[in-house]
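This report describes selected local features of one structure. The sequence and the model are shown first.

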Amino acid sequence: MKRLNRQVTVFGSAIFCVVVFSLYLMLDHLQLDNTKSPNNGGDRLQNGQLSILQGKIDRLERLLAENNEIITNIRDSVINLKESVKDGVPGGGNMSQGPYPELLALPPLVLPIDSQDCQFAIISKHPSLLDVYDLLTFDNPDGGVWKQGFDITYQENEWDSEPLQVFVVPHSHNDPGWLKTFDDYYRDQTQHILNNMVVKLHEDSRRKMIWSEISYFSKWWDNIDGQKRDAVKSLVERGQLEITTGGWVMPDEANSHYFALIDQLLEGHQWLERNLGVKPETGWAVDPFGYSPTNAYLLKQAGLANMLIQRVHYSVKKHFASQKTLEFFWRQNWDPASSTDILCHMMPFYSYDVPHTCGPDPKICCQFDFKRLPGGRVSCPWRVPPQPITDGNVQQRVQMLLDQYRKKSKLFRTKVVMVPLGDDFRYTEALEWDQQFQNYQKLFDYMNSHPELHVKAQFGTITDYFNALRKSATDPGHTVPSLPVVSGDFFTYADRDDHYWSGYFTSRPFYKRLDRVLESHLRAAEIIYSLTLANIRRSGKRNDFPAMENYRLLTEARRNLGLFQHHDAITGTGKELVVIDYGIRYHFFLIALIVNSAHWLVLKDKSAYSYNPSKAFLQMVSKKKHCHFNFSQLAPTCLFSYRSVVVYNPTEQDRTSVVTVYVNTPHVRVVTDHGRPVPAQVSAVWSEPTTASTELSFIAQVPALGLGVYLLGEAASGRAETAEYVFFRQSGELSVNVKHFTVNIHQDASTPLSIHNPHLQVWSSPITGLMEVRHLKEDGSEHQIKVEFAWYGTTSNRDKSGAYLFLPDGEAKMYSPARPPVIRVTKGSVFSEITTTFDHVTHTLRLYHVQGVEGQAVEICNSVDIRGEFNREITMRLTSDVDSKDRFFTDLNGFQIQSRKTMAKLPLQANFYPMTSMAYLQDPGTRLTLLTAQSLGSASLKSGQLEVIMDRRLNQDDNRGMGQGVLDNKVTASSFRLLLEKRGEKLSTLSYPSLLSHVSSLYLNHPLIPMAVSTEAESRSLSPLSPLASSLPCDVHLVNLRTIQSKEGGGPSDEAALILHRKGFDCALSNRNTGLLCATTQGKIRMEKLFSELKFQSITPASLTLMHTPEKGSNQEEISLKPMEISTYRVQLT
């Protein structure tokens, strides 16, 4: 032991010497030689000195980075030395007090960013949909038979030289839950549609059909015999059945995070590969309520070439139709070339049903929906029914239908027209198959046998249509169709009048929050499970680890998360009984998956592992207390008896964050596994505004994707500090019932309330407790940032707000509680907070006393309860001194930033947009960012203002088919972080978050996960885990490490999908004091140095969902990612 102490002393001295020498070098390099550059006051000389100073600052940053690397190397040497000595578990007062190798390296003052990595964010953009919005008047004149469009005319001879090609595409849109649950829809309708499809398509080889939702298709596949499966495969091979998109669902594109969008697409594509050998080529999205370029990018990365969209604002559709730009290449706004282009078709008319797809006149088109023949259950609202096609009427009916086809084709640049033939849950009965296919075939036969009509009509799949379109639109000598390029998104959707679908951005926020929590758990479970399997293969000690059982649970979790991305699930637009069903499905066993894997990884002696689900080695009880999830119930049983806590860091960055657990005593001490005391705070858990139990918060340092081990126990001395409380109430008696804590009650309401940490200070109103001023300690600046709450009502018109629509009764009215709120100020060593309890909202501002990422932002938590309200929506509004004018920015799916412009020519509800992970305001000097842990609707209705709808309670249906209001509200916790950053000038019109903002969002959405070792297992020796050699580059996010299913059986293979995303970031924002232990590397990652012990047996680049693998590029030693790129690699780790 003495020898160890001598070695540690030597290395400690080395660290000290390196730091001192490095600081000397820094000071030396910073000296300005005044004798060489005398100050004569000239501008040229002053500029020269500034350039010299800038160069020296750049060198200082590099020196800091080099210094950090040296210290990291020395730290690793110390770790290796100490690991050579047998570790002991501390007990009683015998604590190791030497250097503590489990600590992370000291972060650099300034984040080292390669200058080349800053070039991406200053490129100029090309025209986008925001420019189109500036052009449009958004009026809604009567367009005649096409109410939202215009009159279409044509000349009879236009098709003489090139006939019109018509592709009629039969489809059936099957919602995986909406008015019925997923299972009820399957039982009553979907299984019959698919069964009839096999029979009816085989009757005539000219018949075609497309299908999208793999969630239904896989359930049906599991219930059919081998003969029917073979029949399906033959239909696919012959091109009669096409699988479009191939995702688990047709996802919502406003609220879904890109992790979940990728995951449901991967699950669908992997299922297709295993069961049908199909690789989808075309996306089909007729029903999502607006469209995001994120989904277009993901489809492109997955290897799809085409896509179709439908629900776009009627004014935008009219504009695109008038310009003949309904078929276009959708390009990402950061793409300077065409690498992200995907060919997109926008349907021109109101709906995807038959009356609105054959042409501009729904009265005519409805007569060619043969399910509506007289005597059926559905009819035409225009009161002119279809007629069966006979020899006697076929000529006249062809002329009617061809007129519509020709008019529709006039909206496009080629003489190829696509006509969907279907609707929700169509083709359930064999009769409808006969009615549609037999009557249409008679029409086609007549058209095709009369050359003078100059038309070729047929059933087709959507890819049949796109193939013909590409051929027709490609000029001679070219390989790419001559079609326009469009960038941007298609939000916010309106289908008529002022009916904007901005309500669903917030509807049922409880489930939107739950979605993100479980999404975080799924990602954490995927990664730790894959790491466990790799380590088992490396060690050769499988023991009885439940790999097969856990993979089955993992598959179920993937599919349930995928199901909830459906455009009537995460949107909050299903009936109450359906929402309950989604909630029940979300009760999967991700916690058990994380616990099982962590159990195997953290054991020092792997042979001691045993799987006993009735007596779990680790315990993680997920509780919901205010905004903080994942509390574990810990119960130290006797004095100085230690309880181990394993902390899992699911992020790719070495991390210092706060962990909070429940305890049954305030006399608690926290130490590392090497015995070093850890900063900790005992606080009250307030079940009521003035009644509390006890929780413990401590600062954990955990390596990237790693496991940290901490010991908790009762202690007479050296224990966690106890938080102190001050209560305020403007009037009325206040009684506080709490033990162990210092509590003061103040009546004075004249002095502003204040909390602070090393980075920030916040002042709040002594009357409301709501924030008013924020002070940045780095530069001493103060900013007015006022938090308020307000109510929206609904209009008095016949059409009112509902699950889909936001139709307010004017501007919001400020929230005015019936009684004064209770304000509680908490002061502690780990965090401080101000909590205000109103009648409808409990609002908390929290500051963490942590250097770095967690300490840079104000955490905001709102617990909202509006269950007693009538037709009201509650909003949180931030009013700041940021001069943002009419511009603000929201993210799309947590993947990219979209510039927004608040337009006076649009109604208030049209200026709300989806906010999946962040929204921000900025002026030339400042950026104010609100990070969110759940998707909600947001707006900036005035300069410097940002507001977020927190919850909605609506007493009526909004006539979009759901048939209910939104009256199943729950007490809903929503979590945010508020960042204020200094900003330098930059040239680009595009916008990106800062690196600090990216990592803050990552930490908010993926908190550390604490697990308590069971009291029966305390004797086992535990070892922390550091799977990565170091943090990933600051701008590279590990989206997933997802074990791939074995080709035989339902268990895991020895391969995984490694999905990486290089994030675009803005260098114009400050990168000081981030606390990050990473750098940027121009997107390059040395794969052989990625893991500390595991090695790659193979690395093969693949398309996003593993459908396609390039011929070259396997076993790469280095991978390189472009900014914003998401790439997938098929890897084998041992």
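Which residue lies over the face of Phe510? Lys970 does, at 5.9 Å from the ring centre.

## Basis

This is a predicted model, in which local features need pLDDT of at least 70, side-chain atom pairs count only at pLDDT 80 or more, and totals for chains, interfaces and linings use all residues. Residues are numbered from 1 along each chain as its sequence is written, and side-chain values use heavy atoms, with hydrogens and water left out.

## Charges over rings

A charge sits over a ring if NZ of Lys or CZ of Arg is within 6 Å of the ring centre and within 35 degrees of the ring normal. Besides the contact at Phe510, the charged end of Arg872 sits over the ring of Trp791, 4.1 Å from its centre.

## Aromatic pairs

The whole structure holds 54 aromatic pairs. Rings of Phe, Tyr and Trp (its six-membered ring) pair if their centres lie within 6.5 Å; planes under 30 degrees apart count as stacked, over 60 as edge-to-face and the rest as tilted. The ring centres of Phe437 and Phe459 are 4.8 Å apart with planes at 50°, so this pair is tilted. Both Phe437 and Phe459 are buried (under 20% relative accessible area, against over 50% for exposed and in between for partly exposed; 1.4 Å probe, protein chains only).

Phe437 and Phe459 also belong to one aromatic cluster, whose members include Trp433 and Tyr440. In another pair, Phe888 and Tyr913 have ring centres 6.1 Å apart and planes at 55°, so that pair is tilted. Both Phe888 and Tyr913 are buried.
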